[in-house]
Amino acid sequence: TMMMFRLLLLLCHAMVTVGFISICSSVNYDHHHLSLSGDDGQACDEDTIITLPLDISCDVRLVAEDLWGSPESVGSILMSSDHINDRGSILCHPDYQGEMPLPSSIPISQRFSYFEQQAQKGDPRAQHSIGLLLWNGFTSSTEQTSIDPEASARWHAAAALQGNLDALAVFGGCLRTGTGVGKCKNIALGLRCIEYSASVGNPSGVNKKGVMMESNDDYFGAMRLYRECYEDESKRTNALLLFNFGYCLIHGDGVDNDVEEGENIWKDAVALAPEEGSEEAAWFLYQQYSERGDMEKARHYLDIAADLGLEDAVMERRDNS
């Protein structure tokens, strides 16, 4: 069922554990103008970069070096030393945030090889993107394959080390549950990474925080987080945020249900393909239109989900062909 499918998605995306810590930071984040922060993450002047708290910066650096084998190994896949200030804190450059856009000249079927090449060159957005693909098993040109949580965690660690806040939130999920990080599991550090990303309004951090709230049956709190983030138009570039927000609207989780608005938000998520979350939005829109008997629109979204490699969609299209 749709509810069961989303529960599985929530478990995969958030790597949910029992319990959570409330957001305690009050740093303001803006997608187009970030405030330069001091070692404690608080704004200190009017430049356009935010700095991670020193404790998170140091701990993430140590784990990244452990996962990659040595400081030299992790250093070989970083763009430069520009991501660290003279105090040792990680700088979060605005241009390094989110997933890497896929050029229109690159087919979706070739996204993995393209992002992998860019990740090896040190681009933190590509490293975040390849980490997501490895976690979801989207390494084949045609369908989902086996996931590689260890490689996913390594790439997210590298991107987080270069100040990609989205990667920091996802890496926080890895640390929190030990997924892909082995003996480096660190629940406290994982929660700090997620909560800091969420506290500065990063969409991936908001997603992680919101899903933890949902896992504790705090649907109103989760919906409030999703809506606050969504209302900032500059942050409507995260397909998974749009998917989660749309789902809550359609099913009335923490809000009066509004199917029309929810479906429109899912369509916005699909428009961001191949970003993570776009394939789920397309799959759920396929189910919505199938239930209404509008098979032309249903087929349109099924094809998108299948082309993006979602296993259920690939199998459904194969069975219907």
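How do the axes of helix α9 and helix α10 cross, and within what distance do they come? Keep that in mind while you get your bearings. What you have open is a predicted model. The chain holds 15 helices and four strands, and buried residues account for 56% of its 321 residues. Among contacts with a separation of 6 or more, 59% link residues 24 or more positions apart.

**Stop 1: α9 and α10**

Select residues 203-215 for α9 and 219-230 for α10. Their axes come within 7 Å and cross at roughly 165 degrees. An angle over 145 counts as roughly antiparallel, and that makes α9 roughly antiparallel to α10. The crossing of α9 past α10 is left-handed. To see the contact itself, show side chains for P203, V206, N207, K209, G210, V211, M213 and E214 on α9, then Y219, G221, A222, L225, Y226 and C229 on α10. Colour them by class and you'll get nine nonpolar, three polar and two charged residues.

Now click on the loop between α9 and α10, where D217 sits. D217 isn't a glycine, yet its phi is positive, at about 65 degrees. Is D217 buried or exposed? Its relative accessibility is 59%, so D217 counts as exposed.

**Stop 2: back to α8**

Keep α9 on screen and add α8, residues 187-199. The axes of α8 and α9 come within 7 Å and cross at roughly 115 degrees, again with a left-handed crossing. On the α8 side, pick L191, I194, E195, S197 and A198; on the α9 side, pick G205, V206, K208, K209 and M212. That contact divides into five nonpolar, two polar and three charged residues. Notice that V206 and K209 turn up here and also in the contact with α10.

**Stop 3: α6**

Next, select residues 149-161, which form α6. The helix has 13 residues and reaches 18 Å from its first C-alpha to its last, close to the 18 Å expected at 1.5 Å a residue. How many of the residues of α6 are buried? The count is 11 of 13, so α6 is mostly covered (buried here means under 20% relative accessible area). Highlight P149, A151, S152, A153, W155, H156, A157, A158, A159, A160 and L161 to see the buried set.

What do they pack against? Turn on α2 (54-68), α3 (71-75), α4 (111-120), α5 (124-136) and α7 (165-177), and you have the partners of those buried residues. Before moving on, step just past the helix to G163, which follows α6 and has a positive phi near 90 degrees.

**Stop 4: L242 and its neighbours**

Jump to α11, residues 239-251, and centre on L242. With a relative accessibility of 1%, L242 counts as buried. Which residues does it touch, leaving out those up to four places away in sequence? Show Y230, R236, I265, W266, D268, A269 and L272 around L242. For one pair, draw a distance between the C-alpha atoms of L242 and I265: they are 23 residues apart along the chain but separated by 5.9 Å.

**Stop 5: a cis proline**

Finish at the loop between α12 (259-270) and α13 (278-292), where you'll find P274. Zoom in on the peptide bond joining A273 and P274: this bond is cis, with omega at about 10 degrees.

Notes:
Residues are numbered from 1 along each chain as its sequence is written. This is a predicted model: local features need pLDDT of at least 70, side-chain atom pairs count only at pLDDT 80 or more; totals for chains, interfaces and linings use all residues. Side-chain values use heavy atoms; hydrogens and water are left out. Helices (H or I, at least four residues) and strands (E, at least two) are DSSP runs, numbered from the N terminus. The expected span of a helix is 1.5 Å times one less than its number of residues. Buried means under 20% relative accessible area, exposed over 50%, partly exposed in between (1.4 Å probe, protein chains only). Contact means heavy atoms within 4.5 Å. Axes are lines fitted to C-alpha atoms, for helices over the stretch in contact, and angles run from 0 to 180 degrees between N-to-C directions. Angles under 35 degrees count as roughly parallel, over 145 as roughly antiparallel, 65 to 115 as roughly perpendicular and the rest as oblique. A crossing is left-handed if the near helix is turned anticlockwise from the far one by less than a right angle, and right-handed if clockwise. Ala, Val, Leu, Ile, Met, Phe, Trp, Tyr, Cys and Pro count as nonpolar, Asp, Glu, Lys and Arg as charged, and the others, Gly among them, as polar.
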